[in-house]
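Reader: Could you take me through this structure, one question at a time? Short answers, please.

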Amino acid sequence: MALSTQQVEQQASTIAHMIKFIESEAEEKVAEINTKANEEFDREVARIVKEDERKVLAMYERKAKNMETQKRIIYSNKLNAARVKVLQIQEELLQDIVSDASLKVKEIAGNKKKYKTLLRDLITQSLCSLLEPEVELKCRKDDVALVKDVITAAVSAFKEKTGMNCEINVNETSFLDDDCGGGVEVSVRGNTKVSNTLDKRMDMAVSRSPRSLSDSLSIYASVSSCSSPSPLSVLVLLEDSLMPAIRYKLFGPSQTRSHFD
């Protein structure tokens with residue numbers, strides 16, 4: 001049966017409404033897809049940007065740390081170089097003082113009266129260190145006569161201090177080097193030995209426990225100003241105060257010692 005014109009128009013109108021509905025649904029779907037795509041795009045962009053920011057910040061942190069490390073290395077190298085320079089100057093100063101003191105110590109032997117007393121005391125000290133009934137003594141060739149003159153007094157002083165007696169044999173075939181400055185070397189059967197020469201006492205002075213530098217310098221000045229200081233005054237000064245105090249002042253306390261006397 002043929003459709004009437006009115007029916008055809010109604011069907012056409014229905015179809016047109018369906019087309020519009022489908023198109024509307026399609027547009028909404030497209031809009032929804034675009035919105036989700038844009039949101040996903042924005043999230044991905046934000047993620048990438050944030051990740052790149054972290055990478056850039058980490059890179060600059062590493063660079064900053066490297067620069068700080070380099071600065072510290074440069075500073076440490078310069079500081080160490082400066083310390084080495086200071087230590088070199090301090091050591092030179094110390095050696096100058098030691099050299100001057102060595103010359104003054106060696107001048108003691110020029111005063112026979114004072115040097116004779118010094119030899120007696122050095123021999124007595126050596127005997128007290130060994131505590132043996134018989135010892136052999138070496139000295140400079142020029143000091144043999146002086147040593148023989150003071151042996152009796154030294155043995156008497158030793159006996160008074162310890163209650164022991166001692167026989168001293170002076171070695172007249174082998175002598176100490178003149179560069180030692182004087183003094184004696186006492187041994188037992190050539191084995192146990194006490195070197196009480198002036199140069200050895202100087203070495204002891206440099207390594208002894210430190211005292212106040214200012215006190216030492218004042219003592220040194222007072223001894224130097226005396227018209228006739230005692231023979232042992234310079235040695236006592238060097239051993240007990242001046243040189244150790246100077247070394248302590250220049251280089252500081254020993255890092256390996258847990259206490260000081």
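**Helices, hairpin and core**

Author: This is a predicted model. Start with L130, which is found in helix α2, residues 112-130.

Reader: Is L130 buried or exposed?
Author: Its relative accessible area is 12%. The cut-off for buried is under 20%. L130 is therefore buried.

Reader: Which residues is L130 in contact with, leaving aside its neighbours within four places in sequence?
Author: One pair shows how the chain comes back: L130 and S187 are 57 residues apart in sequence, yet their C-alpha atoms are 8.1 Å apart. S187 is on the contact list. The full list is V135, V186, S187, V188, T192 and V194.

Reader: What distance should the 19 residues of helix α3 span, and what are its end C-alpha atoms apart?
Author: Helix α3 covers residues 144-162. At 1.5 Å a residue, the expected span is 27 Å. The model agrees, because the end C-alpha atoms of α3 are apart by 26 Å.

Reader: Where is the kink in α3 centred?
Author: The bend is about 40°. The residue at its centre is also among the buried residues of α3. The kink is centred on V150.

Reader: What covers the buried residues of α3?
Author: The buried residues are V144, L146, V147, V150, I151, A154, V155 and F158. In an α-helix, residues three or four places apart point the same way, because there are 3.6 residues a turn. The cover includes α2, β1 (134-139), β2 (167-170) and β3 (183-188).

Reader: Which residue takes a positive phi in the hairpin of β3 and β4?
Author: β3 and β4 (residues 192-197) run antiparallel, joined by six bridges. G183 stands opposite T197. Three residues lie between the strands. The one with a positive phi, near 55°, is R189.

Reader: And which residue takes a positive phi just after α3?
Author: Its phi is about 80°. The residue is G163.

Reader: Which element gives the most to the largest nonpolar core?
Author: This core has 33 residues, and those with the most contacts inside it include I123, L127, V135, L137 and V147. At least two residues each come from α1 (5-106), α2, β1, α3, β2, β3 and α4 (198-207). The most, eight residues, come from α3.

Reader: Which residues is I168 in contact with, leaving aside its neighbours within four places in sequence?
Author: I168 is one of the residues with the most contacts inside the largest nonpolar core. In soluble globular proteins, nonpolar side chains tend to be buried together. The contacts of I168 are I123, L127, V135, L137, I151 and V155.

Technical notes:
Residues are numbered from 1 along each chain as its sequence is written. This is a predicted model: local features need pLDDT of at least 70, side-chain atom pairs count only at pLDDT 80 or more; totals for chains, interfaces and linings use all residues. Side-chain values use heavy atoms; hydrogens and water are left out. Helices (H or I, at least four residues) and strands (E, at least two) are DSSP runs, numbered from the N terminus. Buried means under 20% relative accessible area, exposed over 50%, partly exposed in between (1.4 Å probe, protein chains only). Contact means heavy atoms within 4.5 Å. The expected span of a helix is 1.5 Å times one less than its number of residues. The bend at a residue is the angle between axes fitted to the seven residues ending there and the seven starting there. Two strands pair if DSSP finds at least two bridges between them. A nonpolar core is a set of buried Ala, Val, Leu, Ile, Met, Phe, Trp, Tyr and Cys residues joined through side-chain atoms within 4.5 Å.
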